[in-house]
Structure formats: structure tokens, C-alpha cells
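This note is intended for a colleague who is opening the structure for the first time. Please keep the sequence and the 3D view at hand while reading the points below.

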Amino acid sequence: MGAAAKMRSMSEPVPPQDPEPQRRRRPRYKGTHPRRFEEKYKELDPARYPELVEHVRSRGQTPAGQHVPILVDEALAVLEVQRALRGVDCTFGFGGHSERFLRALPVAGELLALDVDPLQLPRTEARLRALGFAEPRLRVRRTNFAALGSVLHEVGWSDGVDFVFADLGVSSMQIDDPARGFTFKQDGPLDMRMNPSRGLSAAQWLERANEAQLAAVLVENSDEPHAERVARALTLRRGHVATTLALAEAVRAALPPRLEADEAERSVRRVFQALRIEVNDEFGVLDALLRQLPDVLRSGGRAALLTFHSGEDRRVKKAFERGLAEGRYAAICDEVARPSPEERRANPRAAPAKLRWARRA
Ligand SMILES: C[S@@+](CC[C@H](N)C(=O)[O-])C[C@H]1O[C@@H](n2cnc3c(N)ncnc32)[C@H](O)[C@@H]1O
């Protein structure tokens, strides 16, 4: 388990309602192309500017403040949502998958949606409530999916559910907002926590890690080939890497001088990914979810997980194979489902996605 994650409890209570937000003047920007996240105000108001959102999507981009759900039809099919009475979406995000699940469930079907992000979750809940999905059809809990078993107990579903879905990693809203510290395209505090009120930020983690720990995280979490050089350089600059652009610059400066620019950018991306995985303990919580799945699924119930890199996919594949060998799963997928060329063109962020499923014995 990562150092940051050890300091976090797995289940987090739903916070009190935010006070009524203050009305603010929308920010002005010069020119036709908004440059900063908060300046993309039109995309942030899709109900008023639907044609602009369509235009952004048609260029293969994700409108600000939204997330385009991936492999939705495939997930609906493998989970047999149209026959389910109780389902869980472990990663509510923008609610794209949840919305489609809710539309496909039978009349008596209910969905429990979880997310660890205290900033985005109330917005997504408000969005889906405004679409007409009330309790108990849709229940929402702010919690880590590592606590799935206890959340099901709390909502009275200890006897199991018909499906569990998880779309791993971070949402477009989290990546695109520089204030969350996930992107190296714009400057922001080096945070990277999906729940910024818990654990260590990436900057704090970097300040405490020694060179060997950092190198190990870069190798284990994202197979960074220049892990040792980068770890040495970042350790020497300890205390001076507090923003996303400072980290990206420090990584570039640490790389071998004759590296191609593309290869250097891939290293920067891998370093960001490795730190994000570490501060959110993404492998630890995924392992905890995978361990619980056979216990929370009813007989014949289905699980489907969307993964985005080999570290995640390996874990899901192994856990499903183990469950099949132990007779806890009756069937698992032979092959992963991947986004079609059309889906990848329409949403380039879908490109690395892999969907795996398992059916409870
Ligand atoms: C890829 S997005 C999901 C997008 C969603 N399927 C949609 O259609 O909008 C992943 C979401 O899962 C949340 N998340 C990631 N790890 C989590 C965990 N361990 N427990 C609960 N939520 C988590 C993130 O905060 C993020 O909102």
C-alpha cells in the first residue's frame, strides 16, 4: 500500500451539503479560443450551449467539465443490465455509464453509485437527479470502492447485487482542471488526489520519499525506463517541485540529453501516472475491490471492469482467472473488449481502454 494511502480510511462519510454557491461573474477572455479551464464557461453550461458541446465532441475532444463514457454498449451487454434488480457503479464520475444503466434497468431496478471525489460527486448527483432519477432508483454514496462490502451492508444489500461495474482511473473533469494537479499541460498545484481532503498530495509525497522509494514507484506503477535518473534528480530538487509544470520540467531535465521529444513526453506522462497511482493507492484499492467481488455478487451476477494500463489490467485478469479456478466464477471473458476505431476517433481518450467481465457461479 502506498505511503499516502496508509493515512487514509477506506470509507468516507457523505459530507454535509455545500452552502448555496455565490453567483460569480463569468470570467472574460480575449480572442476566440479560450485558454484556461475556467474560461471555457460555455462548455461548462451544456444546457445553454448544446451546439457548442456537439462541436467540441465532433472534433474528438471532451467538453470542459464533462467525461465521455467508454464502451457503454459493451458494458450494458456483458452486465445484462436490462435484467438486473440491483447494480453498483463503483466509479460514478460524470455519471455517463450510470445514466445509461438507469435507462436500461427494469422498472424495479436500482443503482448504487459510488465515487471518492467530494468536488465532482455533488455535481454529478445533481445532474442525474435533474434528469429525474430519484432515490431509491439511484442512491449515491461518497466512498472508496475498496469499502464496497460495508457500503452494501449500510444500504441493506448485504445479500448481494446483480452487477458491479468500475471504470478505473480519473475522469476528464479531474484531468482537465489544472487546480486538481493531474495535468502537465497547464500549471497547477501538484496535488493529484481524487479526494483532496485525504492523505498526502503528490508534492507532499515527493518531499517525503527517498530516492529508492521513488525509483521503485516509477518502475512498479508505470514501467518508467529512466526511473533511476528521474528519481535521483527529483530527490535532489526535493522541496522545489510544488507545481505540475515544475515537475514536468524537472523530469525533462533529468532525461538523457539526446532523447527524442516524443519519448521525453512519454516519460513525463508515465511519471505523472506513477505518482497519481501512488497517492491514490490505486492498486491497493483495486485489489481490495477484486477480493470482494465474488462475495458481493449474487449467483449469476456479473462484474465488468474498464482498465487503462497494464498494471490495472494484469490485476483484473489474474483475479478473474483465480476466481474461475476456485469455482467462484462460472465464466470469465476469453478476450478483452476494446473500443472500435470509430469510438477511438470520436474520443481519443478511449484508446487504451480494455473491458473484462466475470460471471458469479
Ligand atoms: C474514469 S472516471 C468514471 C467516469 C464514469 N464512468 C462516467 O461515465 O462519467 C473514474 C471516477 O472514479 C472515481 N474513482 C477512482 N477510484 C475510485 C475509488 N477507489 N473509489 C471510488 N471512486 C473512485 C474517480 O474519482 C472518478 O470520478
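1. The shell around the ligand is a suitable place to begin. Its residues divide into ten nonpolar, eleven polar and three charged. The model is a predicted one, and the values in this note are to be read accordingly.

2. In total, 24 residues surround the ligand. The closest of them are Phe-94, His-97, Asp-115, Asp-167 and Gln-174.

3. Several polar contacts to the ligand can be located individually. Asp-115 places a polar side-chain atom 2.6 Å from a ligand oxygen atom. Gly-95 takes part through its backbone, where a polar atom is 3.1 Å from an oxygen atom of the ligand. The backbone of Phe-145 likewise offers a polar atom, and a nitrogen atom of the ligand is 2.9 Å from it. On its own the ligand has 600 Å² of accessible area, and the protein covers 98% of this.

4. The sheet deserves attention next. It is an open sheet of seven strands with mixed pairing, and the strand order is E3-E2-E1-E4-E5-E7-E6. The edges are held by strand E3 (138-142) and strand E6 (329-332); each has a single partner strand, so one side of each is left without a neighbour in the sheet. From one strand to the next, the twist averages 15°.

5. At the E6 edge, the partner is strand E7, residues 354-360. E6 and E7 run antiparallel and are joined by three bridges. Within this pair, Tyr-329 stands opposite Arg-360 in E7.

6. Which strands does helix H13 lie across? Helix H13, residues 282-296, lies across strand E4 (161-167), strand E5 (297-307), E6 and E7. Its direction is at about 155° to that of E5.

7. Helix H5 (residues 121-130) lies across strand E2 (110-115) and E3. Relative to E3, helix H5 runs at about 175°. The loop between H5 and E3 contains Pro-136. A cis peptide bond joins this residue to Glu-135, with omega at about -5°.

8. A further backbone detail concerns Glu-80. This residue is not a glycine, yet its phi is positive, near 50°. Glu-80 is placed in the loop that lies between helix H3 (72-79) and strand E1 (86-89).

How values were computed
Residues are numbered from 1 along each chain as its sequence is written. This is a predicted model: local features need pLDDT of at least 70, side-chain atom pairs count only at pLDDT 80 or more; totals for chains, interfaces and linings use all residues. Side-chain values use heavy atoms; hydrogens and water are left out. Two strands pair if DSSP finds at least two bridges between them. Helices (H or I, at least four residues) and strands (E, at least two) are DSSP runs, numbered from the N terminus. Axes are lines fitted to C-alpha atoms, for helices over the stretch in contact, and angles run from 0 to 180 degrees between N-to-C directions. Contact means heavy atoms within 4.5 Å. A residue is near a molecule or strand if one of its heavy atoms lies within 4 Å of it. A polar contact is a pair of N or O atoms within 3.5 Å; within protein, one must be able to donate a hydrogen and the other to accept it, and residues adjacent in sequence count only if both atoms are side-chain atoms. Accessible areas come from the Shrake-Rupley method with a 1.4 Å probe; for residues, only the protein chains shown count as cover. Ala, Val, Leu, Ile, Met, Phe, Trp, Tyr, Cys and Pro count as nonpolar, Asp, Glu, Lys and Arg as charged, and the others, Gly among them, as polar.
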